[in-house]
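Welcome! Please take a moment with the sequence and the 3D view, and then let us walk through a few spots together.

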Amino acid sequence: MADITEVEYIWKNGEMVPWAQATTHVLSHSLHYGSGVFEGIRCYKDPDSDRSFVFRLRDHMERLHRSCKIAQMELPYTVDELCDATVEVIRANNLPACYIRPLAYRGYGVMGVDPSGAPLDVIIAVWPWDAYLGPDALENGVSVGISSWRQRSNNAIPPSMKSTASYMNSILAKLEAKQHGYAEAIMLNEAGLVCEGTGENLFIVRDGVLMTPPLSDGVLEGITRDSVLVIADELEIPAGEVSLSRSDLYVADEVFMTGSAAELTPIGAIDDRTVGKPGEVTRRIQDRFFEIVYGKADEYSDWLTAI
């Protein structure tokens with residue numbers, strides 16, 4: 001985790017607004033009831049050139065639209081408009097690499113659980129952000145613990161909707177993990193099956209086979225998760241969606257987390273049971289992933305938006 005580094009501008013409701021002026025009222029509906037949806041995206045700079053790329057920008061903005069549809073929020077911008085605005089705000093802030101946070105939220109005007117009549121505000125913020133789980137996480141992995149907090153069910157807050165309200169669950173699990181000395185938490189679903197981290201999807205490797213919980217077990221339809229499955233197919237690594245028990249995590253040969261913030265972060269220990277250093281499958285996928293995001297794989301050019 002890291003403090004936010006301020007930059008010059010935030011895109012808000014179609015305009016470029018100075019960072020300090022991108023404010024909202026304390027009685028905004030979303031602040032009281034969690035009525036917002038968001039995305040997390042990364043822009044990467046190729047270390048060997050001046051080229052920068054946003055990874056799977058359109059896919060993220062399409063998912064934002066789907067989240068709004070589930071939440072019955074009328075998003076007033078098309079996918080193309082949101083993609084263009086993202087490029088615009090990155091360029092305005094002169095950032096070669098950054099984290100990108102689009103957010104649509106119900107603003108000031110009404111109070112109560114019924115949000116009817118609340119205006120919808122839309123922002124896209126960008127700022128520099130390095131490794132989400134610490135500078136050594138990508139290389140050496142992190143230690144995690146199984147949380148006592150269960151992930152929400154498909155018929156509570158739908159996992160296919162990336163909502164601000166969903167993340168209170170993640171906050172509780174994250175704080176518990178930190179109190180127990182872990183960098184991150186893994187949550188089970190109500191059936192006791194492995195679900196996801198506080199902001200990441202999960203993969204395990206056993207006997208050379210890559211496995212991840214299916215969407216039906218309550219996981220977010222992660223875009224990095226999908227990317228890993230595509231990369232595994234390219235690299236001819238056997239892979240599939242499989243329901244996993246807690247014990248499957250303990251006996252796995254390799255475990256890693258995926259997400260726009262976490263990227264591909266290896267897990268070195270779970271509940272003080274050693275997994276070990278990042279293994280061959282993790283490294284192969286991780287290496288290929290970074291080749292792609294740095295623009296070094298022409299066959300994946302449709303995943304990249306040049307800045």
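## A pocket and a cavity

Sorted by class, the residues lining the second largest pocket are eight nonpolar, no polar and four charged. Here Ala, Val, Leu, Ile, Met, Phe, Trp, Tyr, Cys and Pro count as nonpolar, Asp, Glu, Lys and Arg as charged, and the others, Gly among them, as polar. Before going further, please note that this is a predicted model, in which local features need pLDDT of at least 70, side-chain atom pairs count only at pLDDT 80 or more, and totals for chains, interfaces and linings use all residues. Residues are numbered from 1 along each chain as its sequence is written, and side-chain values use heavy atoms, with hydrogens and water left out.

The second largest pocket holds about 190 Å³ of space. Its lining is made up of R42, C43, Y44, K45, A97, C98, P128, W129, D130, A131, E263 and Y294. Strand 4 supplies the largest share of this lining, four residues.

What sets a pocket apart from a cavity? Both are found on a 1 Å grid over the protein atoms alone: a cavity is a set of points where a 1.4 Å probe fits but cannot get out, a pocket is an open set with protein on both sides within 12 Å along at least five of seven lines, and lining residues have an atom within 4 Å of a point. Grid points are joined across faces, edges and corners, and a volume is the space filled by probe spheres set on the points.

By this rule there is one cavity of 30 Å³ or more. The largest cavity has about 40 Å³ of space, and its lining consists of I41, R42, Y44, F55, T224, G259, S260, E263 and F289. By class, these are four nonpolar, three polar and two charged residues. Strand 4 (residues 41–45) contributes the most here, with three residues. Helices (H or I, at least four residues) and strands (E, at least two) are DSSP runs, numbered from the N terminus.

## Residues worth a look

The table gathers five residues with their relative accessible areas. Buried means under 20% relative accessible area, exposed over 50%, and partly exposed in between (1.4 Å probe, protein chains only).

| Residue | Relative accessible area | Status |
|---|---|---|
| E39 | 0% | buried |
| H60 | 2% | buried |
| E263 | 6% | buried |
| G259 | 11% | buried |
| N94 | 66% | exposed |

Let us start with H60, which sits in helix 2 (residues 57–71). Which residues does H60 contact, leaving aside its neighbours within four places in sequence? They are E39, G40, I41, F55, I223 and S260, where contact means heavy atoms within 4.5 Å. The side chains of H60 and S260 are also joined by a polar contact of 3.4 Å. A polar contact is a pair of N or O atoms within 3.5 Å; within protein, one must be able to donate a hydrogen and the other to accept it, and residues adjacent in sequence count only if both atoms are side-chain atoms.

E39 belongs to the loop between strand 3 (36–38) and strand 4. Not counting residues up to four places away in sequence, E39 touches H60, R63, L64, I100, R101, P102 and K162.

G259 is placed in strand 14. The C-alpha atoms of G259 and F38 are separated by 14 Å, and the two residues are 221 residues apart along the chain.

Two residues in the table draw the eye for their backbone angles. N94 is not a glycine, yet has a positive phi of about 55°; N94 is in the loop between helix 3 (79–92) and strand 6 (98–106). E263, in strand 15 (residues 263–270), is likewise a residue other than glycine with a positive phi, near 55°.

## Strand 11 and its partners

Is strand 11 (residues 201–206) enclosed or open? Five of its six residues are buried, so strand 11 is largely enclosed by the rest of the structure.

Strand 11 runs antiparallel to strand 14 (residues 254–259), joined by five bridges. Two strands pair if DSSP finds at least two bridges between them. L202 has M257 of strand 14 as its bridge partner.

Strand 11 also pairs with strand 12 (residues 209–212), in the antiparallel sense and over three bridges. There, R206 is partnered by V209 of strand 12. The hairpin of strand 11 and strand 12 has two residues between the strands, and D207 in this hairpin takes a positive phi near 55°.

Strand 12 in turn runs parallel to strand 13 (residues 239–241), with three bridges joining them. T212 stands opposite E241 in strand 13.
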